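Have the model open in your viewer and the selection tool ready. Each stop on this tour gives you something to pick and tells you what is there.

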Amino acid sequence: MKNYTITVNGTVYDVTVEEGGAGSAPVRAAAPKAAPQAPAPAAAPAPAGDAGSIEVSASVPGKVFKVEASVGQAVKAGDPIIILEAMKMEIPVVAPEDGTVASIDVSVGDAVESGDVLATLN
């Protein structure tokens with residue numbers, strides 16, 4: 001048996017898959033539990049220029065599909081800033097906390113890797 005933790009729309013499921021022979025494998029899913037909150041990025045000293053101190057990073061590799069926010073716009077935690085396209089899905093990249101968009105570091109069509117800084121907030 002293999003255990004997996006899967007997050008769907010912010011709901012976390014613990015799934016156990018029984019490995020079997022040629023037939024279909026039975027799947028058991030536990031009741032959903034609260035999704036763990038991602039730790040807020042540590043505030044680093046502001047780099048030179050107009051960049052902010054809070055980095056908004058890509059959670060998956062993909063392509064920038066849409067830029068939802070603009071520089072100078074006030075955002076609340078959870079507001080979408082960038083939409084990535086990965087595996088034919090649109091994945092929102094949201095503000096980790098309340099702030100003002102200091103910079104947008106990507107353009108529509110740019111390829112990004114997991115962990116790349118897409119924008120910064122103040």
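Start by selecting Lys88. In this predicted model, Lys88 counts as exposed, at 82% relative accessibility. Lys88 is found in the loop between β8 and β9. Now check its backbone: phi is positive, about 65°, although Lys88 is not a glycine.

Add Met87 to the selection. Met87 lies in that loop between β8 and β9 too, and its phi is near 55°, again a positive value in a residue other than glycine. Is Met87 buried or exposed? Met87 is exposed, because its relative accessible area is 73% and the cut-off for exposed is over 50%.

**The hairpin**

Extend the selection to the strands on either side, β8 (80–86) and β9 (89–94). Together β8 and β9 form a hairpin with 2 residues between them, and Met87 is in the turn. The two strands run antiparallel and are joined by 6 bridges. To see how they line up, pick two facing pairs: Glu85 stands opposite Glu90 in β9, and Ile82 stands opposite Val93 in β9.

Keep β8 and hide the turn. How many of the residues of β8 are buried? The strand is mostly covered, with 5 of its 7 residues buried.

**The sheet around β8**

Next, bring in β6 (residues 62–67), which runs antiparallel to β8 and is joined to it by 4 bridges. Val64 is a good residue to pick here, as it stands opposite Leu84 in β8. With β11 (111–112) added, you have an open sheet of 4 strands in the order β9-β8-β6-β11, with antiparallel pairing. The edge strands are β9 and β11, each pairing on one side only. As a reminder while you look along the sheet, strands of a sheet pair through backbone hydrogen bonds, either parallel or antiparallel.

**The nonpolar core**

Show side chains and select Ile81, Ile82, Leu84, Val112, Leu118 and Leu121. These have the most contacts inside the largest nonpolar core, which has 17 residues. The elements that give two or more residues to this core are β5 (54–57), β8 and β12 (117–121).

Which residues does Val112 touch? Leaving out residues up to four places away in sequence, Val112 touches Ala58, Val60, Pro61, Gly62, Val64, Leu84, Val106 and Leu118. You have already met Val64 and Leu84 as a facing pair.

**The second sheet**

Now move to β12 and select its sheet. This is an open sheet of 4 strands in the order β5-β12-β10-β7, with antiparallel pairing. Here the edge strands are β5 and β7 (74–75), each of which pairs on one side only. Inside the sheet, β10 (residues 99–104) and β12 pair in the antiparallel sense over 3 bridges. Pick Val101 and look across: Val101 stands opposite Leu121 in β12, and Leu121 is among the residues with the most contacts inside the largest core.

**Strand β1**

Jump to the start of the chain and select β1 (residues 2–8). Lys2 lies in this strand and counts as partly exposed, at 41% relative accessibility. What does Lys2 touch beyond residues up to four places away in sequence? It touches Val15, Thr16, Val17 and Glu19. Draw a distance between the C-alpha atoms of Lys2 and Val15: the two are 8.2 Å apart in space and 13 residues apart in sequence.

Further along β1 you come to Ile6. Ile6 is partly exposed, with a relative accessible area of 38%. Select Tyr4 and Val8 as well: with Ile6 they form a nonpolar patch on the surface, with about 250 Å² of accessible area together.

**Zooming out**

To finish, clear the selection and color the whole chain by secondary structure. The protein has 0 helices and 12 strands. Of its 122 residues, 24% count as buried. The protein exposes about 7800 Å², and carbon and sulfur atoms supply 54% of that area. If you display a contact map, consider the contacts between residues at least 6 apart in sequence: 46% of them join residues at least 24 apart.

Note on methods. Residues are numbered from 1 along each chain as its sequence is written. This is a predicted model: local features need pLDDT of at least 70, side-chain atom pairs count only at pLDDT 80 or more; totals for chains, interfaces and linings use all residues. Side-chain values use heavy atoms; hydrogens and water are left out. Buried means under 20% relative accessible area, exposed over 50%, partly exposed in between (1.4 Å probe, protein chains only). Contact means heavy atoms within 4.5 Å. Accessible areas come from the Shrake-Rupley method with a 1.4 Å probe; for residues, only the protein chains shown count as cover. Patches are made of residues with over 30% relative accessible area and no salt bridge: like charges are joined within 9 Å, nonpolar side chains (Val, Leu, Ile, Met, Phe, Trp, Tyr) within 5 Å. A salt bridge is a side-chain nitrogen of Lys or Arg within 4 Å of a carboxyl oxygen of Asp or Glu. A nonpolar core is a set of buried Ala, Val, Leu, Ile, Met, Phe, Trp, Tyr and Cys residues joined through side-chain atoms within 4.5 Å. Two strands pair if DSSP finds at least two bridges between them.
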